[in-house]
Amino acid sequence: MALGYLAGLVDGEGTIGFARNRPFMAVYNTSTSLMEWLQSTIGGNVGGHDKRGRVISYCWKVTSARNVYALCKTLESFLIIKGKRASEIMQYLEDRYGDKL
């Protein structure tokens, strides 16, 4: 897998955060082939993300705490913009779940 490419996608067109107290990692883009690549390579889910009046964009999202943790840990050294956020998410998950990750 191209870790630098994935980290660039997350840094430039993605987010790492919480929704309803659950961690997630997401990438937003208009390319269906990119969304298919992310889903087949990493897993997660792809859904539409309506921008009302603009080109339809899609959202690839990983929501399992274990998978978010693994992705943050793998990508942390490649992330330039969101590296600190990845570290914060990992620390939160370690504090909350400990060895269960």
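Helices and strands are taken here as DSSP runs, a helix having at least four residues (H or I) and a strand at least two (E), numbered from the N terminus. On that basis Asn-21 has its place in the loop between β1 and β2, and Arg-20 lies in that loop too. The model is a predicted one, and the account below starts from its sheet, proceeds to the helices, and ends with the core and the cysteines.

Four strands make up an open sheet, arranged in the order β1-β2-β4-β3 with antiparallel pairing. Its edges are β1, residues 14-19, and β3, residues 45-49, each of which pairs on one side only. On average, and with direction ignored, neighbouring strands of the sheet are turned by 30 degrees against each other.

The pairings can be followed across the sheet from one edge to the other. Between β1 and β2, which run antiparallel, there are 6 bridges, and Gly-17 stands opposite Phe-24 of β2. Next, β2 is joined to β4 by 5 bridges, again in antiparallel fashion; here Ala-26 faces Lys-61 of β4 as its opposite residue. Finally, 5 bridges connect β3 with β4, residues 57-62, and these two strands also run antiparallel. In this last pairing Val-46 has Trp-60 in β4 as its bridge partner.

The connection between β1 and β2 merits separate attention. The two strands form a hairpin with 2 residues between them, and in this hairpin Arg-20 takes a positive phi near 55 degrees. Asn-21 likewise is not a glycine and has a positive phi, of about 65 degrees. The general background is that most residues other than glycine have a negative phi. How accessible are the two residues? Arg-20 counts as exposed because its relative accessibility is 82%, where the cut-off for exposure is over 50%. Asn-21 is exposed as well, its relative accessible area being 62%.

In contrast to this loop, β2 itself is mostly covered, with 6 of its 8 residues buried. Two helices lie across parts of the sheet that include β2. Helix α1, residues 3-13, lies across β1 and β2 (22-29) and runs at about 90 degrees to β2. Helix α2, residues 32-41, lies across β2, β3 and β4, running at about 10 degrees to β4.

The packing of α1 can be described through its buried residues, namely Leu-6, Ala-7, Leu-9, Val-10 and Asp-11. These pack against β1, β2, α2 and α3. Two of the α1 residues, Leu-6 and Leu-9, reappear among the contacts of Leu-38: leaving aside neighbours within four places in sequence, Leu-38 touches Leu-6, Leu-9, Val-27, Gly-43 and Trp-60.

Helix α3 has its own set of buried residues: Ala-65, Val-68, Tyr-69, Leu-71, Cys-72 and Leu-75. Why can they be assigned to the same side of the helix? They cover an arc of only 165 degrees around the axis, and this places them on the same side of α3. The general principle is that an α-helix has 3.6 residues a turn, so residues three or four places apart point the same way. The elements covering the buried residues of α3 include α1, β1, β2, β4 and α4.

These elements meet in the largest nonpolar core, which has 23 residues. The residues with the most contacts inside this core are Val-10, Ile-16, Met-25, Leu-38, Trp-60 and Cys-72. At least two core residues are supplied by each of α1, β2, α2, β4, α3 (65-75) and α4 (83-97). Helix α3 provides the largest share, 6 residues. As a general tendency, nonpolar side chains in soluble globular proteins are buried together.

The cysteines complete the description. A search of the whole structure finds 0 disulfides. Cys-59 is in no disulfide, the nearest cysteine sulfur being that of Cys-72, 15 Å away. Why does Cys-72 form no bond with Cys-59? The separation of their sulfur atoms, 15 Å, is too far for a bond, given that a disulfide requires the sulfur atoms to be within 2.5 Å. Cys-59 counts as buried because its relative accessibility is 10%, and Cys-72 counts as buried at 0%. The cut-off applied for burial is under 20% relative accessible area.

Methods
Residues are numbered from 1 along each chain as its sequence is written. This is a predicted model: local features need pLDDT of at least 70, side-chain atom pairs count only at pLDDT 80 or more; totals for chains, interfaces and linings use all residues. Side-chain values use heavy atoms; hydrogens and water are left out. Two strands pair if DSSP finds at least two bridges between them. Axes are lines fitted to C-alpha atoms, for helices over the stretch in contact, and angles run from 0 to 180 degrees between N-to-C directions. Contact means heavy atoms within 4.5 Å. Buried means under 20% relative accessible area, exposed over 50%, partly exposed in between (1.4 Å probe, protein chains only). A nonpolar core is a set of buried Ala, Val, Leu, Ile, Met, Phe, Trp, Tyr and Cys residues joined through side-chain atoms within 4.5 Å. The arc is that of the directions from the helix axis to the C-beta atoms.
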